[in-house]
Amino acid sequence: MLILTELGQRLRQERENKGMSLEDLQKNTKIQKRYLIGIEEGNYDVMPGKFYVRAFIKQYCEAVGLNPDDIFDQYKTDIPTTQTDDIPQPLSRVRSRKEIPQNTKASKAADYLPTILVVAGVLVVGIIIWVIAQNIVSGRQEDQAANTEQTNNEVQQSQEQQASNEDQAAKEAAEKEKAEKEKAAKEDEEKKEEEKEETQQAYKEVQKSGHNGTYELSGTDEFKLEVSSTQADTWLDVKNGKGNSFYNAMLKNGETKEFDLTKESEVRVNIGFSPGVQLKINGQDVSLPFDANQQIRQVVTIKYEPEKAQ
């Protein structure tokens, strides 16, 4: 289990005081999150090298508002030194020839040492630049991934909104179509009622004599007769103009007889006891020729010409 160093605790405390998460710090410094955690935990083994430890700590300090030089001076025991800190000072040129070891190979190596250091420094700088570039690329990729996800979410929301709008439009269209059909049906019904009123049947008295009454039925394409007895039994005789009988018998009190006479041009209805007898033609009440209290027996002749034949 790792124990935080004083430096790690100080840096972590400053980050939290600034309200920054490790992800925020990673975006600001372009240093990978695992290296930042290593700095806070004092686990420098995760770093690519000692030089990066100091470089990353410097960037961390600057990101949280600390002076890197003060931190290096205050916590120098917690920060590893780089390789260049252990390099010995160059040999003094004022030493006598006797003091200088007479080793030709060592002397040549010492001559090349400055060049080696320069090359090493260039390599280190190149590595640092490469690491920073990688961090920048990584940050851009993360930003690009976040932007892509946001775009996908926006597209999905747009598609869902479009589907909802289409459903609403379809619903409104269906309701409109239903309303139009209901309106058309109502108008059609009203039109039929108007046509029916225009072609309303007529029951016209033509002649009356004795106990006989003659009527003409027109304005209709059907002739349905209904005879009801509501007070007492009565004799009923129904014949066509040719003398063919449809009914010839006693009609009991409370009894009703119906006749479809549409195919007949003339019908004769002989009523033996007219008080309490009711006549209907095509469902409409029609009157008897005479007052039933004055004329007990009545004969009603109905001449019919279909509406279609007119």
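Let me begin with a single contact: a polar atom of the Ser-274 side chain lies 2.9 Å from the backbone oxygen of Gln-295. The model before you is a predicted one, and this serine is a convenient point of entry to its sheets. Ser-274 sits in the loop that connects strand 7, residues 266-271, with strand 8. Is Ser-274 buried or exposed? Its relative accessibility is 1%, and with the limit for burial set at under 20%, Ser-274 therefore counts as buried.

The loop of Ser-274 runs between strand 7 and strand 8, so let us take the sheet of each strand in turn.

Strand 8 belongs to an open sheet of four strands, with the order 6-3-8-9 and antiparallel pairing. At the edges stand strand 6, residues 256-260, and strand 9, residues 284-286; each has a single partner strand, and so one side of each is left without a neighbour in the sheet. From one strand to the next, the twist averages 25°. Within this sheet, strand 3, residues 224-229, pairs with strand 8, residues 277-281, in the antiparallel sense, over five bridges. To give one position in that pairing, Val-227 has Leu-279 of strand 8 as its bridge partner.

As a general reminder, the strands of a sheet pair through backbone hydrogen bonds, in either a parallel or an antiparallel sense.

I turn now to strand 7. This strand belongs to an open sheet of six strands, in the order 1-2-10-7-4-5, where the pairing is mixed. The edge strands here are strand 1, residues 202-209, and strand 5, residues 245-251, each of which pairs on one side only. Neighbouring strands of this sheet are turned against each other by 15° on average, direction ignored.

Strand 4 deserves some attention. How much of strand 4 is buried? Of its seven residues, five are buried, and the strand is mostly covered. Strand 4, residues 234-240, runs antiparallel to strand 7, and five bridges join the two. Two of the positions in strand 7 can be named: Leu-236 has Ile-271 as its bridge partner, while Asn-240 has Val-267.

Strand 4 also pairs with strand 5, again in the antiparallel sense, over six bridges. In that pairing, Trp-235 stands opposite Met-250 of strand 5. The hairpin formed by strand 4 and strand 5 has four residues between the strands, and in this hairpin Gly-243 takes a positive phi near 90°.

My last topic is internal space. Rolling a probe the size of a water molecule over the atoms shows where empty space is left. How many cavities of 30 Å³ or more does the count give? The count comes to one, and the volume of the largest cavity is about 80 Å³. Its lining consists of Gln-26, Lys-27, Lys-30, Ile-31, Gln-32, Asn-135, Ser-138, Gly-139 and Glu-142. Two elements give two or more residues to this lining, namely helix 2, residues 22-29, and helix 6, residues 104-198. Which element supplies the largest share of the lining? Helix 6 does, with four residues. By character, the lining residues of the largest cavity divide into one nonpolar, five polar and three charged.

To close, I return to the opening contact, in which the Ser-274 side chain reaches to 2.9 Å from the backbone oxygen of Gln-295, in a loop between strand 7 and strand 8.

Notes:
Residues are numbered from 1 along each chain as its sequence is written. This is a predicted model: local features need pLDDT of at least 70, side-chain atom pairs count only at pLDDT 80 or more; totals for chains, interfaces and linings use all residues. Side-chain values use heavy atoms; hydrogens and water are left out. On a 1 Å grid over the protein atoms alone, a cavity is a set of points where a 1.4 Å probe fits but cannot get out, and a pocket is an open set with protein on both sides within 12 Å along at least five of seven lines; lining residues have an atom within 4 Å of a point. Grid points are joined across faces, edges and corners, and a volume is the space filled by probe spheres set on the points. Ala, Val, Leu, Ile, Met, Phe, Trp, Tyr, Cys and Pro count as nonpolar, Asp, Glu, Lys and Arg as charged, and the others, Gly among them, as polar. Two strands pair if DSSP finds at least two bridges between them. Axes are lines fitted to C-alpha atoms, for helices over the stretch in contact, and angles run from 0 to 180 degrees between N-to-C directions. Buried means under 20% relative accessible area, exposed over 50%, partly exposed in between (1.4 Å probe, protein chains only). A polar contact is a pair of N or O atoms within 3.5 Å; within protein, one must be able to donate a hydrogen and the other to accept it, and residues adjacent in sequence count only if both atoms are side-chain atoms.
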